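Visitor: I am new to reading protein models, and I would like to go through this one slowly. Could you take my questions one at a time?

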Amino acid sequence: MLWKIRKEEITLSSYIYRIDLPSLSQTIQEYPNFNFNCLSKAQIQSKEWLIRQLYECVGLSGKKIAMLGGWYGLLAQPLYELCPDITYIRSFDIDPDCANIAESLNKSLLHDNWKFKATTYSVNNLNWKEKVKYHTQKTDGSYQFMSDRFDIIINTSCEHMPDTWVRNVSSEQVIVAQTNDFDIPEHTNRCDSPDLLIEKLGIKTILYKGRLNTEQYTRSMVIGYK
Ligand SMILES: C[S@@+](CC[C@H](N)C(=O)[O-])C[C@H]1O[C@@H](n2cnc3c(N)ncnc32)[C@H](O)[C@@H]1O
């Protein structure tokens with residue numbers, strides 16, 4: 001558990017943020033280590049904000065999307081709700097507990113020809129500029145080789161990792177980055193402003209930059225190109 005949240009902070013539904021509730025309920029029962037913080041008010045506000053801005057700035061039709069530090073992949077369903085013809089979404093997280101939970105939450109997308117697939121991997125060890133080559137675990141436990149190209153690189157976990165990943169992103173790929181200034185030990189790379197985030201990531205073409213004040217912290221977001 002990263003930090004404790006009050007039960008009343010959990011909000012489940014809004015206009016754009018659609019979660020598959022039967023899958024959520026089944027996942028919570030199946031995985032006792034499920035971290036409810038992914039449903040906190042601040043999390044939902046932050047994801048809604050990202051989805052709206054990304055949709056307005058870039059569009060999603062036909063896009064191939066990578067989610068770095070993708071955690072439980074809770075962006076996938078709302079993105080597909082907005083745009084059913086996204087080509088695919090891939091989530092990469094270093095925590096081996098995340099992939100099964102992410103796939104359980106996004107079961108219908110997983111079963112729909114892997115529109116969504118989660119993989120356990122450090123995002124610092126992959127080259128996003130070219131076709132990304134990696135192995136992903138299937139539900140039967142075996143591994144499949146993957147070779148995926150991405151148009152959009154989303155990282156909502158920048159505060160959890162060094163900025164190394166961005167060196168391996170090309171100037172043609174849209175970068176969507178979120179970070180925050182919340183002072184807890186897990187946040188090894190905190191950042192308190194969109195301008196500092198832009199500087200740290202070397203973003204040169206800015207499509208959007210902004211700041212969201214939540215009850216717990218301030219979140220910064222930038223959408224743009226290197
Ligand atoms: C708590 S979660 C997500 C928090 C984030 N603020 C958000 O709202 O999406 C942060 C995730 O980053 C992942 N992570 C940290 N370092 C990573 C790395 N090098 N590669 C992939 N995932 C990483 C962690 O395992 C964790 O699941």
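Visitor: How far is a nitrogen atom of the ligand from an N or O atom in the side chain of Arg219?
Guide: This is a predicted model, in which local features need pLDDT of at least 70, side-chain atom pairs count only at pLDDT 80 or more, and totals for chains, interfaces and linings use all residues. Residues are numbered from 1 along each chain as its sequence is written, and side-chain values use heavy atoms, with hydrogens and water left out. For Arg219, the distance from an N or O atom of its side chain to a nitrogen atom of the ligand is 3.4 Å.

Visitor: Which side chain has an N or O atom 2.7 Å from an oxygen atom of the ligand?
Guide: Ser122 places a polar side-chain atom 3.3 Å from a nitrogen atom of the ligand. The side chain with an N or O atom 2.7 Å from a ligand oxygen atom is that of Lys47.

Visitor: What distance separates the end C-alpha atoms of helix α2?
Guide: Helix α2 covers residues 41-57 (helices are DSSP runs of H or I, at least four residues, numbered from the N terminus). The expected span is 1.5 Å times one less than the number of residues, so the 17 residues of α2 should span 24 Å, and this agrees with the distance between its end C-alpha atoms, 24 Å.

Visitor: Which residue just after α2 takes a positive phi?
Guide: The buried residues of α2 (buried means under 20% relative accessible area, with a 1.4 Å probe and protein chains only) include Trp49 and Lys47. Just after this helix, a positive phi of about 80° is taken by Gly59.

Key
Helix = DSSP H or I, 4+ residues; strand = E, 2+ residues; numbered from the N terminus. Buried < 20%, exposed > 50% of the residue type's maximum accessible area, 1.4 Å probe, protein only. Polar contact = N/O pair within 3.5 Å; in protein donor to acceptor, adjacent residues only side chain to side chain.
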